[in-house]
Structures are given as C-alpha cells and as structure tokens.
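Reader: I am new to this structure and would like a close look at one part of it. Please take a single residue as the starting point and work outward from there.

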Amino acid sequence: MSTSTDLWSQVAARLIEFSRAEPAHAIEGFTENWRLNEGQRASLHALAERLPRNGVVIADEVGMGKTRLAAAVVRAVVDSGGRAVIVLPPGLGFQWNEELRDAGVPSKPVLRSLLQYFGAWSHEDPSKHMPWAGETVLLLSHLLANWRLGANSRAWRWSLVPEVYARWRTHRTGRSPRQFRDHDSLGDPWVVAGAASFVSQAKVDAELGAYLDSLLMYPWMQTLDSSTYAQRGALRPQFERLVGLGLGAFDLIVIDEAHKGRGVDSSVSRLLGSALRLKSDARRLGLTATPVELDASQWIGTLARIGAGGEEVESAITAYTDAVRKVRLRPSDEATREKFFAAARCFEDTLSPYLLRRDKREDEAVRLFAAHSNLGLHAYRREDEVVVDPQSISLPWRRAVCAAEALSHMRMGETDDQRAKRLRLTIDVVTE
C-alpha cells in the first residue's frame, strides 16, 4: 500500500500528464467534451507543484474553468488510489456530476439529507447495502449538517448514537446497556444496519475504534434524550461526527464556493471542522470566484479552510490591507507608496503557495476580442436589462421570483437568520 507522500507524488505526476495531453480526450476514460485551454494547463502544472506540500484555493474569475480543474484533481486522486469528497452549494450538483462524468469519474447525486444518508442501508438484503465509505467520490451539500433535531424529532433521525453506543459497549464489555431494547422508539432497520456496519468497521479500524471508546464516556441514558442532539445540544457534535465517520476517510476535500458559510455554527464549518474524517496527509482544494470582493477577515477564514491559516498568513493579509488603506489616503507620499510596494510583495510571496488566480484578461478569446475590436479588455461584457412581467408567469414562479428578489435586497446582517437560510434552500432546490 502506498503512503500519503507517495499518493501526492502520483497525483502530481498525473496532473502533469493531463496538462500535456493534446487533445485531452486522448487520455483513457475522459470524454470528448473534456478540453483544457492554455491557462488551464498552466494551472494544472501549478497545482501539481503545490498540492504535494499544502492545500490550494483556486480563485479564478467566473467562467475560467475552476470546476474542470478540480475535476481533474479528483480524477488524479482516484487514479492514484485515493478518495475524494466535494462539498458544494445545493444548486450546483448537476454541473459537478457533468464535469466529473467528462473527467471519467463516476459519482452519485449530491448527498443532501439524513434520509438519503441512511438509505445506503435500506435494502432488506444486507449483501446489497451500499455504505458511503465504499464510494470513491462523494458529493455533499453545503447544507447537509443543517439537521433540525430536538425533543420532538422522530427517533430514526437521532438514534444513530445510542445504536452505535449499545453495539460497541456490547463488543467491549460483553453486556448491552440496561433496558436497551425496552425503548420501542429505537430499532429503525436502516439506522440499525448503519450502526452495525460502523461497529464492524471499528473492530479493524483503530482510529474509529478509539472514537467509539470515547463515546462510551457519556452516560447511556443521556444518549436516549433526543433534546441533546439539538443545534447546541451536548451530543450534537458526537452525532455529526458519527455521520461523518460513516462516509469513510478522505485524501482530498474540494470546497466549492469556499468563501461561503464561514461562521463557526454554519453547516459547512461543522462538516469541515469535525464531521468529515481526513487521512493524515489529506489536502483541501478551495474554489471561489469572488476573491476581490472579500475583506481581510474573510480571506483569512477562506485560507484557513484549506489549512493555510496561521500568524504568517494573517500578518501578510493584515499588513497589505493596512498599506492599501494608507496609500489611498496619501497616494503622493513616497514613503507610503514604498511601504505599500513592500506589503504587496510580502502578500504575494506569502499567499502564492496557497493561491491560484486568473482573470478573463488571460483568456485567449478575450485577448483576441480586444485585439480585433480595438476596445478594452472588459468590453466583451455587455449588460442588458431583462424585464420580467410578474403577471405573465405562473403563480408558483411569481412567488419564487419575488422571494428571490426580496432575499437579494436584504442586508447581509439580516440574512444570517435561520428562516432566511431555509427560504434560500427552498429556492435553490426548486430551481435546480
């Protein structure tokens, strides 16, 4: 079995091979739709250099092929014997499945809910169960961990913890918890089957077994209290961790729209922070198309998601933003300009190992347009007003359009409430 270091060396070699292929579909397994332009090939070279050392954020402008680059990285990881998980906004599942298909990577639909999660163990014949840990590539919704659990939740939604707890305690001590099967609310067959597979795996997986040992530190009766699985409940982290362990361990995490949901309590943060299980030398690949719109604190949070946090990165970002502010106030002051140039060089040197950024000015078609039209590089964009008459569309679509417009005009601070988030999710699912 190859080590993690060997894995990333193989991934790098595979990425370079992809970047040199012309035409791209000459690579076995890729479809004829898969093409790379000059800039994308250069990006794959850059990723091959960086990923063996650390995670990377691809911050290319919209339309530059970030998803295609990420799909190539996923393919390289799979070809090298690794596993990958992609954490993405709920409305982008079709695009990702299509890009992965063109890259020759089989993938299931986006995992969005607990019902879908436990469905892996839904077949009456155990030999036909399809545990998530057996999948090479998984797609997870940003909102997967937004489970609304509490005192009134149905037992199947939270009973994974006591089911696993009871089986692991029986394995360790030879005795099941007192009155375990006296609780009629437990025993959902899908959850039972999932818990049994966890325990079976933990018997041969030391890391998983150690986690289940730590679970036994909690009182048995506490695990049967559904209120402890609410958003800030005592056992909510353990529930999230168990669900994540059921997905298996990953060599690569791809985070699409990596700048979103940075709050500590957001579903994305919980998935990346504690739920998903990473191998010792795993890498994170972040994608964002809006880097110039982020402030310093948001950039620090985004980079931290790919493991590039720390004092050096924070200091470089803070110093640069401070220098920008001062040179705007005193643009003609030579000393201020020199400090800005020094801060900019430090900013570039510090972030370049973790960041790739291309804009449309590097795109061959845009350069040709500017050369032949004698217009500016940004003239290829044209904004036209599209007037929608609400009375001319059906009532359901009228409501969706009005709701989307209302949400888009709400101030940022007001959109953090849970009701607004649920409205957004509803619109995303309906329009996907």
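**I253 and the sheet around it**

Author: Leaving aside neighbours within four places in sequence, I253 touches V85, V87, L272, L276, L278, R283, R284 and L285. The model is a predicted one, and what follows describes that prediction.

I253 lies in strand β4. Its relative accessibility is 0%, so I253 counts as buried. The chain also brings a distant part of the sequence to this place: G55 is 198 residues away from I253 along the chain, and the C-alpha atoms of the two are separated by 9.4 Å.

One of the contacts of I253, V85, is also its bridge partner between strands. That bridge belongs to the pairing of β2 (residues 84-88) with β4 (residues 249-255), which is parallel and runs over 4 bridges. Strands of a sheet pair through backbone hydrogen bonds, in either a parallel or an antiparallel sense.

The next step outward is the whole sheet. It is open, has 6 strands in the order β3-β2-β4-β5-β1-β6, and its pairing is parallel. At the edges stand β3 (137-141) and β6 (355-356); each has a single partner strand, so one side of each is left without a neighbour in the sheet.

For β3, the partner is β2, joined to it in parallel by 5 bridges. Within this pairing, A84 has V137 in β3 as its bridge partner. Is this edge strand covered or not? β3 is mostly covered, with 5 of its 5 residues buried. In a regular strand the side chains alternate between the two faces of the sheet. In β3, V137, L139 and S141 point one way, L138 and L140 point the other way, and all of them are buried.

Apart from the sheet, a pair of helices can be described too. The axes of α14 (residues 311-329) and α15 (residues 334-351) come within 8 Å and cross at roughly 150 degrees. An angle over 145 degrees counts as roughly antiparallel, and that makes α14 roughly antiparallel to α15. Their crossing is left-handed. On the α14 side the contact includes V313, A316, I317 and Y320, and on the α15 side it includes F340, A343, A344 and F347. By class, the contact of α14 with α15 has 14 nonpolar, 2 polar and 4 charged residues.

Notes
Residues are numbered from 1 along each chain as its sequence is written. This is a predicted model: local features need pLDDT of at least 70, side-chain atom pairs count only at pLDDT 80 or more; totals for chains, interfaces and linings use all residues. Side-chain values use heavy atoms; hydrogens and water are left out. Axes are lines fitted to C-alpha atoms, for helices over the stretch in contact, and angles run from 0 to 180 degrees between N-to-C directions. Helices (H or I, at least four residues) and strands (E, at least two) are DSSP runs, numbered from the N terminus. Angles under 35 degrees count as roughly parallel, over 145 as roughly antiparallel, 65 to 115 as roughly perpendicular and the rest as oblique. A crossing is left-handed if the near helix is turned anticlockwise from the far one by less than a right angle, and right-handed if clockwise. Contact means heavy atoms within 4.5 Å. Ala, Val, Leu, Ile, Met, Phe, Trp, Tyr, Cys and Pro count as nonpolar, Asp, Glu, Lys and Arg as charged, and the others, Gly among them, as polar. Two strands pair if DSSP finds at least two bridges between them. Buried means under 20% relative accessible area, exposed over 50%, partly exposed in between (1.4 Å probe, protein chains only).
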